[in-house]
Amino acid sequence: KGSIKKVYGGVCSNRQNSLVPFEERKMKHSDRKKSVCREAAKLVEDGDIIYIDSGTTMMYLPDYLGSKKNITVLTNNLNAIMRAVPYENLQVICLPGILERKTNSFVSAETGKILERYNIRKAFFAATGVTTSGDVTNSSSLEYEIKREAMQHSVHKYLMLDSSKYNKSALLTYAHISDMERVIADEEMNPALNELCERYNVELQRVKIEE
């Protein structure tokens with residue numbers, strides 16, 4: 001059927017992990033993503049400089065920052081930028097680049113380097129998938145560089161996941177779960193993630209899903 005190919009020592013799938021368009025991904029598990037963002041927002045304190053990653057999970061985070069004071073947001077996430085517009089307490093610094101329509105984010109070879117200028121207090125990351133060994137993956141090579149720079153220049157690092165992301169792998173690994181201070185996931189997340197976080201001494205916060 002052409003679904004697998006023989007390799008040295010075994011077989012592997014012929015199916016490729018292609019990036020699903022943003023609008024299609026946005027509709028999936030939106031209640032879970034909103035619940036995760038609501039809880040993540042509680043970690044933001046007045047005066048914080050934060051990084052909001054690209055991805056559909058992250059776009060709802062500005063909605064829960066309205067009560068905070070003097071927050072600086074660095075992001076290349078177009079939807080997060082637009083959702084931050086109504087909140088005058090959010091100073092938004094847009095990372096430059098060309099609009100990648102599949103992720104609704106601005107990307108270029110230079111985008112990540114801009115992050116070197118800023119003292120990021122807290123960074124909120126998304127992932128295409130997390131493997132059972134703890135690799136945190138994504139599908140875009142340009143997004144990879146931005147995520148890596150944000151990882152290197154942030155004091156606190158948080159990974160935000162909905163339960164569809166566990167035991168999935170994408171093209172590139174930009175971090176390991178042990179690099180994260182905390183993982184925030186919805187209550188339907190595979191219990192195996194508990195064991196993974198315990199193994200690497202990473203705090204796991206499960207969030208109740210609300211409509």
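These points cover a seven-strand sheet and two helices that pack on it in a predicted model.

1. Local features need pLDDT of at least 70 and side-chain atom pairs count only at pLDDT 80 or more, while totals for chains, interfaces and linings use all residues. Residues are numbered from 1 along each chain as its sequence is written, and side-chain values use heavy atoms, with hydrogens and water left out.

2. The open sheet has the order E5-E4-E3-E8-E11-E13-E14, with parallel pairing. Strand E5 (90-94) and strand E14 (203-207) are at the edges with a single partner strand each, so one side of each has no neighbour in the sheet. Strands are DSSP runs of at least two residues (E), and helices of at least four (H or I), numbered from the N terminus; pairing requires at least two DSSP bridges between two strands.

3. Strand E8 (residues 120-125) has five of its six residues buried (under 20% relative accessible area, 1.4 Å probe, protein chains only). Three bridges link E8 to strand E3 (residues 49-52), with Lys122 as the bridge partner of Ile50. Five bridges link E8 to strand E11 (residues 154-161), where Phe124 is opposite Tyr158.

4. Helix H5 (residues 141-152) lies across E3, E8 and E11, at about 130 degrees to E11 (axes are lines fitted to C-alpha atoms, for helices over the stretch in contact; angles run from 0 to 180 degrees between N-to-C directions; contact means heavy atoms within 4.5 Å). Buried residues of H5 include Ile146 and Met151.

5. Helix H2 (residues 30-41) touches E8, E11, E13 and E14, and its direction makes about 145 degrees with that of E13.

Technical notes: Buried < 20%, exposed > 50% of the residue type's maximum accessible area, 1.4 Å probe, protein only.
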